[in-house]
Amino acid sequence: MFFKLDSFSLMGIEAIKVSVEIHISNGMPSFTIVGLPDKSINEARDRVKASIINSGFKFPMKKIIINLSPADLRKEGSFYDLPIALAIIALSGQVSSDLFNYSSFIGELSLDGLINPVRGILSMTQAAVQMKKNYFFVPKGNEDEAGLIKDIAIIGCADLAECIKILKNKEEVSKFVYKSHGSGNVCSNKHRVDFSEVKGQSRAKRAMEIAASGMHNILMIGPPGSGKSMLAERAVTIMPDLNYDESIEVTKIYNLVKRRKYELIIERPFRNPHHTISESGLIGGGIYPKPGEISLAHKGILFLDEFPEFSSRLSESLRQPIENKSIVITRNNVSYKFPCSFMLILAMNPCFCGYYGDKSKRCRCSKKEVEKYWRRISGPILDRIDMQITLPRLKEEDFLENVFVENSCTIKERVSKAFTIQNKRYLNDIINHNSEAGVCYINNWINQNQDLKKVVADFSKKSRLTARGMSSLIKISRTIADLENSDEITQNHFIEAFQYKILNNI
Ligand SMILES: [Zn+2]
């Protein structure tokens, strides 16, 4: 006697199909699970047996073999308790239903038959839609989260007995389908901070607006108290909210890290790990790989304050993810891929004491010490930072000055317009922002304006910029032009962009 049900396993951010196959035969009573199960699946045997009995069903005293296929896929957790229990109950003739053919199942069982929530349900629900399943039976505690995905009927079950009742009641199944609240319980905790709280620093604010508009990486250099962290924290408040697809993608990543109240994340994430973070904490890892800070910052901002304090190993580990916008972690010959397309903001003091170049406070560092401080920063990482700015120390009058300061909403409107222009430009491409544009785009932009072409050619002969630096200069110019809704990049855009290449000017 053979029976089969569909369930899922997590591979990074994606879920893939796992078939729960069962064979029952006469012979010495036994209960075996095969298909590379880990310890928790072996524990599942006891849980499944107890919950079947405690839910009022019979556990067949026969030879039972469960196979979780594909066998070469390493499986984790207690995801398969529910499908295993259902398969046993179905194959022993205690329930029959056509719904088994059109549905997928996931859930962890308690000894008393209750179904507990599992993590990664959003990824699994998307996979169920791709498999063209009509129904997805999930733990009651997961139905809000699964309901965020459209195009599939979600059935949340509190316990095993309820699940069987629904399966037997095929005609009335629609009664049990989760009623979605539109696009989900949208989380709308407004930012607690605003750009208008930053006094002075108008040049740095302008730079931050440009950086956010084109998702350009930016480095801020300034003495303590110049407002570097304040600006970085507020950068997300001027970026447009995530669209539906982006929200789902970001929420999927967060669901892998911890169980939380399931809501769709619509605001761009802001992550600022401390320099003592471990490498796996930063880029992701673990026995069952989980996303790190770089993936938690996906579609938002990763802020590394006191950047020279990060070990060279840590900062070098960022190089490949910055280029690829994703990170692949391999465990036991299996690759787990996590997306990590973020805007990087770095902040640092100009020297150990923080006052190098300050007009009013004397720097106590020797020339050697200043050089040593700067050597701590990885050259290849700096080369990948499009924009660099210095922030002067604020004077007392800056705090007292009573001038009009723009709030985040006003700036966000301009940034959103620049995003819309870029969305149109890259509609048929895999990239989304100017910072990601390749050589073809760059050449095209330069060729649009013959005057600019001459300036760029002249400039590239004289400047010390690398080829990468030169293309990033054009990309920043493009973003400045987009903020002005200008089709062409003009010389003025180019000249302003050059002001954000200070490391080549000092
Ligand atoms: Zn100093």
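Strand 17 and its neighbours

Q: What makes the two faces of strand 17 alike, buried or exposed?
A: In this predicted model, Met343, Ile345 and Ala347 point one way from strand 17, Leu344, Leu346 and Met348 point the other way, and all are buried, a term for residues with 20 or more other C-beta atoms within 10 Å of their own, C-beta atoms being placed from the backbone. Residues are numbered from 1 along each chain as its sequence is written. Because the model is predicted, local features need pLDDT of at least 70 and side-chain atom pairs count only at pLDDT 80 or more, whereas totals for chains, interfaces and linings use all residues.

Q: Why is strand 17 called largely enclosed by the rest of the structure?
A: Strand 17 covers residues 343–348, and six of its six residues are buried, so the strand is largely enclosed by the rest of the structure. Across the protein, buried residues make up 43% of the 506 residues.

Q: How do you know that strand 10 and strand 17 pair?
A: Strands pair if DSSP finds at least two bridges between them; four bridges join strand 10 (residues 218–221) to strand 17, and the two run parallel. Methionine 220 has alanine 347 of strand 17 as its bridge partner.

Q: What makes strand 14 a partner of strand 17?
A: Strand 14 (residues 301–304) pairs with strand 17 over four bridges in the parallel sense, against a requirement of at least two. Isoleucine 301 has methionine 343 of strand 17 as its bridge partner.

Methods. A residue is buried if 20 or more other C-beta atoms lie within 10 Å of its own, exposed if 12 or fewer, and partly exposed in between; C-beta atoms are placed from the backbone.
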